[in-house]
Amino acid sequence: PTTVELPGVDDGGEIRNLEARGPCTVPSDGRPNTISLFEFSAAPRTKLVAYPELELRVFLTSVQKNESRFPILAGPVELLLDHGFVGWTKVLFVAPGEEFRLSFGPDATLRVSRAERDRTQDATSTDWKTVTKTVWLYLSSLGDQPKTVEVIERMPVSELEQVKVALAAKKTSPKPKVDENGFATWTVELAPRAQAQVTFAFDLSTAPGVQGL
């Protein structure tokens, strides 16, 4: 976009020359061609992650560090596993030494379903109005190997004194880790061909006169 101003050399940037490691032949067929500039190896941290509110699937993700002395420019990434090509994703600019995340698509042996319900407590002219939101998450494994899944849900975060949000601990099982942004995280252990359930609830209370929530 013309509204975006990228930093240049005069703004403290560095000049980097990326050269091909040898002579290359570029066919004149009008199609994109790939030329190898550099390579590196990095040990990834892999895990299975589910965001049921957004997608009812469990995704294999990896986090690794750019171990080269060159930046990785924003663009497409070809993904391969032991059995070969699995698809494409993309990355943003990754500086040398910076960690970046890749997603290798859904795990075909895992299933997720989600149900939710809102319950409102009627308020009087002097009472706060409270809405309790309950979410039920169901995970099942169809494979022959045990799996560990990180499940992430979210609850609102209030910046107003007239609005309060609190985890309904007695209605939530098992207990999650909740960060300052309202993301609740569970680590669910699934045995082969097993099922698991997560119950998540929070209370959203508003003072008299608050509207629009």
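Me: Why is Leu 18 called partly exposed, rather than buried or exposed?
Reply: In this predicted model, Leu 18 has a relative accessibility of 34%, and because the class between buried and exposed runs from 20% to 50%, Leu 18 counts as partly exposed. Leu 18 lies in the segment before strand E1, which covers residues 45–50.

Me: What makes up the nonpolar surface patch to which Leu 18 belongs?
Reply: The patch is made by Leu 18, Val 26, Ile 35 and Leu 37, and its area is about 300 Å². Residues qualify for a patch with over 30% relative accessible area, and the 34% of Leu 18 fits that condition.

Me: How do you know whether Gln 64 is buried or exposed?
Reply: Gln 64 has 8% relative accessibility, and since buried means under 20%, Gln 64 counts as buried. Gln 64 is found in strand E2, residues 58–65, and, leaving aside neighbours within four places in sequence, Gln 64 is in contact with several residues, including Ala 42, Pro 44, Phe 100 and Leu 102.

Me: What makes the approach between the side chains of Gln 64 and Ser 62 a polar contact?
Reply: The distance given for this pair of side chains is 2.8 Å, and as the cut-off for N or O atoms is 3.5 Å, the pair is listed as a polar contact.

Me: Why is the aromatic pair of Phe 38 and Phe 70 called tilted?
Reply: The count comes to four aromatic pairs. In the pair of Phe 38 and Phe 70, the ring centres are 5.2 Å apart and the planes stand at 45°; because pairing requires centres within 6.5 Å, and planes neither under 30 nor over 60 degrees apart count as tilted, this pair is tilted. Phe 38 lies in the segment before E1 and Phe 70 in the loop between E2 and strand E3 (75–81), so the pair ties together parts that are 32 residues apart in sequence. Phe 38 is partly exposed at 25%, whereas Phe 70 is buried at 14%.

Me: What makes the pair of Trp 186 and Phe 200 edge-to-face?
Reply: The planes of Trp 186 and Phe 200 are 75° apart, with 5.3 Å from centre to centre, and because planes over 60 degrees apart count as edge-to-face, the pair takes that name. The pair links distant parts of the chain, with Trp 186 in strand E11 (residues 183–190) and Phe 200 in strand E12 (residues 195–206). Trp 186 is buried at 2%, and Phe 200 is buried at 0%. Together with Phe 202, Trp 186 and Phe 200 form one aromatic cluster.

Definitions and conventions
Residues are numbered from 1 along each chain as its sequence is written. This is a predicted model: local features need pLDDT of at least 70, side-chain atom pairs count only at pLDDT 80 or more; totals for chains, interfaces and linings use all residues. Side-chain values use heavy atoms; hydrogens and water are left out. Helices (H or I, at least four residues) and strands (E, at least two) are DSSP runs, numbered from the N terminus. Buried means under 20% relative accessible area, exposed over 50%, partly exposed in between (1.4 Å probe, protein chains only). A polar contact is a pair of N or O atoms within 3.5 Å; within protein, one must be able to donate a hydrogen and the other to accept it, and residues adjacent in sequence count only if both atoms are side-chain atoms. Contact means heavy atoms within 4.5 Å. Patches are made of residues with over 30% relative accessible area and no salt bridge: like charges are joined within 9 Å, nonpolar side chains (Val, Leu, Ile, Met, Phe, Trp, Tyr) within 5 Å. Accessible areas come from the Shrake-Rupley method with a 1.4 Å probe; for residues, only the protein chains shown count as cover. A salt bridge is a side-chain nitrogen of Lys or Arg within 4 Å of a carboxyl oxygen of Asp or Glu. Rings of Phe, Tyr and Trp (its six-membered ring) pair if their centres lie within 6.5 Å; planes under 30 degrees apart count as stacked, over 60 as edge-to-face and the rest as tilted.
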